[in-house]
Amino acid sequence: SEAVNALNTQANQLTQLATQLQNMLPQIQDDPVTTGLITSNLAILNMQAAQLKSQATSTTDQLDEQIDTLEEQFHDAENQLVFAAESTYLGIKSMESSYEDLIRQRTTLATTVAEMEKRHELGQISDIQLQETQNGLVQLDSGISTLAMNIENTKGDLNLLLGRGGKEPFTLAPLPAVTDLQIAAINYEKDVGEVLRNSTEVRKARDAMFDANDQDNRYTKQAAELTYDNTVNTVRQNFLKLCRAVTDKRQLVTAAQNDFALAQQTFQSQQVKLQNGQISQNTFDAAKATMETSLNAVTTAQNNLFTAYMKYRWAMRGIVSTS
């Protein structure tokens with residue numbers, strides 16, 4: 001910086017002047033008064049030059065520390081932004097999955113309403129029974145509309161996080177699958193050390209503890225040490241939860257896949273029965289809706305697994321989030 005350069009320049013000038021005076025001493029060695037005066041000035045010049053160099057070094061160290069702090073802050077902000085974008089992306093995928101479920105429910109309910117209206121015409125059900133069924137469809141339509149609005153709003157949030165216009169349209173690609181190999185590589189005892197080294201919370205608590213150690217207040221030091229220990233323990237516990245969550249979500253994927261396989265077999269059986277005239281179209285449609293819902297449950301479970309694994313990976317980079 002300019003300040004450091006100015007200090008070094010002044011120190012060099014004083015050093016050069018001291019060198020010139022030093023070179024004069026042999027020429028005036030027979031004049032003890034002048035020699036003493038020059039020797040005294042040499043000591044002063046050397047002392048001033050040393051002070052200036054010390055100030056330059058101190059200023060450089062302070063600037064380096066400030067730069068390191070700014071780089072850490074920038075890195076933290078960058079990670080938080082990317083983490084927020086990924087979390088928002090996953091939130092949209094979850095809402096889209098729920099939206100597909102609601103649309104299927106509406107198809108089934110609309111068929112039921114049509115049947116109830118026909119039965120009402122035939123006098124088989126009361127006005128209240130028909131109204132209750134119709135109200136259910138109205139409420140479902142309202143829920144679908146609200147969810148669609150929330151999806152669009154959240155997509156706008158994601159656009160802003162990506163530095164784009166809030167209304168720019170886009171379609172999200174399917175989430176990548178989390179492999180069994182990736183899950184098997186998770187090892188809490190091995191990974192927790194890296195998590196603690198990279199944790200933003202731990203680093204801030206450690207810096208606060210170091211700052212407190214420079215103070216004379218014993219209680220401030222103890223408080224900072226307790227805060228640091230508590231932060232480390234909290235990060236450990238939260239990371240353990242994240243590791244366990246990945247395993248749990250993987251089990252739920254397997255359960256959802258088994259349910260889908262059963263629903264698929266039932267649907268295929270109902271398809272044959274429909275062709276043979278053994279069941280009604282409504283019964284077949286119900287089996288089809290069940291199969292589609294179970295397939296969507298598989299997608300939801302896989303999305304939840306990816307979310308859990310994503311949080312595990314972010315924890316390894318310093319952001320430990322259990323929310």
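**How do the axes of helix 5 and helix 8 cross, and within what distance do they come?** In this predicted model, the two axes come within 6 Å and cross at roughly 60°. Helix 5 and helix 8 are therefore oblique to each other, since an angle like that is neither under 35 degrees nor in the 65 to 115 range. On the helix 5 side, the contact is made by D191, E194, V195 and N198, and on the helix 8 side by Y312, A315, M316 and R317.

**The whole fold, for orientation.** Before zooming in further, take a look at the overall make-up: the protein has 8 helices and 0 strands. Reading from the N terminus, the elements simply go α-α-α-α-α-α-α-α. Of its 323 residues, 31% count as buried. Now think about contacts between residues at least 6 apart in sequence: 75% of them join residues at least 24 apart.

**Helix 7 alongside helix 8.** Here's another pair to look at. Two packed helices are described by the angle between their axes and the distance between the axes. For helix 7 and helix 8, the angle is about 165° and the axes are 8 Å apart. Anything over 145 degrees counts as roughly antiparallel, so that is what helix 7 and helix 8 are to each other. Their crossing is left-handed.

**Helix 8 from end to end.** Helix 8 covers residues 281-317 and has 37 residues. From its first C-alpha to its last it reaches 54 Å, close to the 54 Å expected at 1.5 Å a residue. Just after helix 8 comes G318, and its phi is positive, near 120°.

**Inside the largest nonpolar core.** In soluble globular proteins, nonpolar side chains tend to be buried together. The largest nonpolar core here has 51 residues, and L158, F239, V246 and Y312 have the most contacts inside it. The elements that give two or more residues to this core are helix 2, helix 3, helix 5, helix 7 and helix 8. Which of them gives the largest share? That's helix 8, with 13 residues.

**L158 and its partners.** Let's stay with one of those core residues. L158 is one of the buried residues of helix 3. If you skip its neighbours within four places in sequence, L158 is in contact with A85, T88, Y89, I92, F170 and L172.

**Along helix 3.** Helix 3 runs over residues 127-161. Its 35 residues should span 51 Å at 1.5 Å a residue, and its end C-alpha atoms are indeed 51 Å apart. An α-helix has 3.6 residues a turn, so residues three or four places apart point the same way. Keep that in mind while you pick out the buried residues of helix 3, among them L130, T133, L137, L140, I144, L147 and I151. Helix 3 is followed by G163, which has a positive phi, near 80°.

**N150, also in helix 3.** Is N150 buried or partly exposed? With a relative accessible area of 30%, N150 is partly exposed, because the cut-off for buried is under 20%. N150 and I92 are 58 residues apart along the chain, yet their C-alpha atoms are separated by 8.8 Å.

**R203 and two acidic-lettered neighbours, E72 and D76.** R203 sits in helix 6, which covers residues 200-213. Its relative accessible area is 14%, so R203 is buried. Apart from neighbours within four places in sequence, R203 is in contact with E72 and D76.

Methods. Residues numbered from 1 in each chain as written. Predicted model: local features only at pLDDT ≥ 70, side-chain atom pairs only at ≥ 80, totals over all residues. Heavy atoms only, no water. Core = buried A, V, L, I, M, F, W, Y, C linked by side-chain atoms within 4.5 Å. Buried < 20%, exposed > 50% of the residue type's maximum accessible area, 1.4 Å probe, protein only. Helix = DSSP H or I, 4+ residues; strand = E, 2+ residues; numbered from the N terminus. Contact = heavy atoms within 4.5 Å. Expected span 1.5 Å × (residues − 1). Axes fitted to C-alpha atoms, helices over the stretch in contact; angles between N-to-C directions. Left-handed = near helix turned anticlockwise from the far one by under 90°.
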